[in-house]
Amino acid sequence: LDSNNGTLIELHCKGALMNRWRVQTDNQPMELILGNEGPADFEMNGFRSGKMSPFSCRIDHGQYHWKDQSYQFSKFYLGADAMHGLVYDANFEIRTTTIDKHYATVELVFDYLGTDPGFPFPYEIMVQWTLYPAQLIQAKTTIKNKSNQSIPLMDGWHPYFTLGGQVNEYSLEFHAAGKIELNDALIPTGKILEEKSFETARQIGEAHFDDCYLLAPSNNKVILSYQGKYIVVQPIHNYPYLQLYTPDDRKSIAIENLSGAPNCFNNKMGLQILEPQDQIYFETNYQFKETSN
């Protein structure tokens, strides 16, 4: 809680997720993400705000080849495809907490022991949440390879943002270096299409998103706005891809920072390779504003 401006974030060890983001605006509290309400809801909506590792989105039929071997994920499938990684419901432990007048930080850590047959490679994942003044949140994920061989890797977040009302009335702005063409199963075809639709703020209207984009490196902010209020999502390190998703209830929009495209274990689009005992980090910022500047 930032007592200077009333901003509150609620973190959970389960999935290392941010379950609430509340700000004060117009002398009223306002919730900016849809979280999970209890144990049953965590199981039902386990992907809300979830940490997606060692892959995000889909792996085609849950299968991939790595170093002349074939692997098959077992944890979770939606239809034919493995979805959203292995740690979204993991029980992280608090490693450190730091609070001073400039920021508050919590570090959550989980040792994945290679228990899924689709990913028999142990690694440590550390998620650091930091609340700064000016209603700014930093999410940083550090992964260390604890296996004895190089491993494939993708990282992502899955927050559902809300500004009240219906997303049809929201405006969206981002600069895409391209849109990833997807087939009917939402697996990339390998083609990158031109995308200029949201280079200036544009109302979402009836548009349904379940799409992946490559962000423009020179301007990678995503700005969501409604009635003079803005959520700015800005990837800082190793998140060149953007996934957008609108649930059927139209009460929120998922704005997902990704290190790679869906199915990148197979198509290699953004795939990271981590050597034994090496580590890599991924970082993004979320900020609430009441001005577009």
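**Exercise 1. A charge over a ring**

Find which ring Arg202 lies over, and at what distance from the ring centre.

*Solution.* Start at Arg202: it lies over the face of Phe198, 5.2 Å from the ring centre. Keep in mind that you're looking at a predicted model. Now try a lysine: the charged end of Lys140 sits over the ring of Tyr281, at 4.5 Å from its centre. Both distances pass the cut-off, which asks for NZ of Lys or CZ of Arg within 6 Å of the ring centre.

**Exercise 2. Name that ring pair**

Work out whether the pair Phe73 and Phe265 is stacked, tilted or edge-to-face.

*Solution.* Step one: the structure holds 24 aromatic pairs, and here we take one of them. The ring centres of Phe73 and Phe265 are 6.2 Å apart, and rings pair if their centres lie within 6.5 Å. Step two: the planes stand at 50 degrees, so this pair is tilted. Step three, find the two partners in the chain. Phe73 is in the loop between strand 7 (69–72) and strand 8 (77–78), while Phe265 belongs to helix 2 (residues 264–267). That puts them 192 residues apart, so the pair links distant parts of the chain. Step four, check the surroundings: Phe73 has 3% relative accessibility and counts as buried, and Phe265 is buried too, at 1%.

**Exercise 3. A pair of tyrosines**

Do the same for Tyr160 and Tyr245, then say whether each one is buried or partly exposed.

*Solution.* The ring centres of Tyr160 and Tyr245 lie 6.4 Å apart with planes at 75 degrees, so call this pair edge-to-face. Tyr160 sits in strand 16 (residues 160–161) and Tyr245 in strand 24 (residues 241–245), so the pair ties together parts 85 residues apart in sequence. For burial, the line is drawn at 20% relative accessible area. Tyr160 has 12%, so it counts as buried, whereas Tyr245 has 23% and is partly exposed.

**Exercise 4. Round the pocket**

Describe the second largest pocket: how much space lies in it, and what lines it?

*Solution.* Begin with the space, which is about 390 Å³. Next, the walls: 21 residues line this pocket, and Leu1, Ile99, Tyr103, Ala104 and Leu131 lie nearest its centre. Strand 1 (8–11), strand 10 (93–99), strand 11 (104–112) and strand 12 (123–132) are the elements giving two or more residues to that lining. Strand 12 gives the most, with four residues. Finish by sorting the lining by class: eleven residues are nonpolar, seven polar and three charged.

How values were computed: Residues numbered from 1 in each chain as written. Predicted model: local features only at pLDDT ≥ 70, side-chain atom pairs only at ≥ 80, totals over all residues. Heavy atoms only, no water. 1 Å grid on protein atoms, 1.4 Å probe; cavity = no way out; pocket = protein on both sides within 12 Å on 5 of 7 lines; lining within 4 Å. Points joined across faces, edges and corners; volume = space filled by probe spheres on them. Nonpolar A, V, L, I, M, F, W, Y, C, P; charged D, E, K, R; others polar. Phe/Tyr/Trp six-rings, centres within 6.5 Å; stacked < 30°, edge-to-face > 60°. Buried < 20%, exposed > 50% of the residue type's maximum accessible area, 1.4 Å probe, protein only. Lys NZ or Arg CZ within 6 Å of the ring centre and 35° of its normal.
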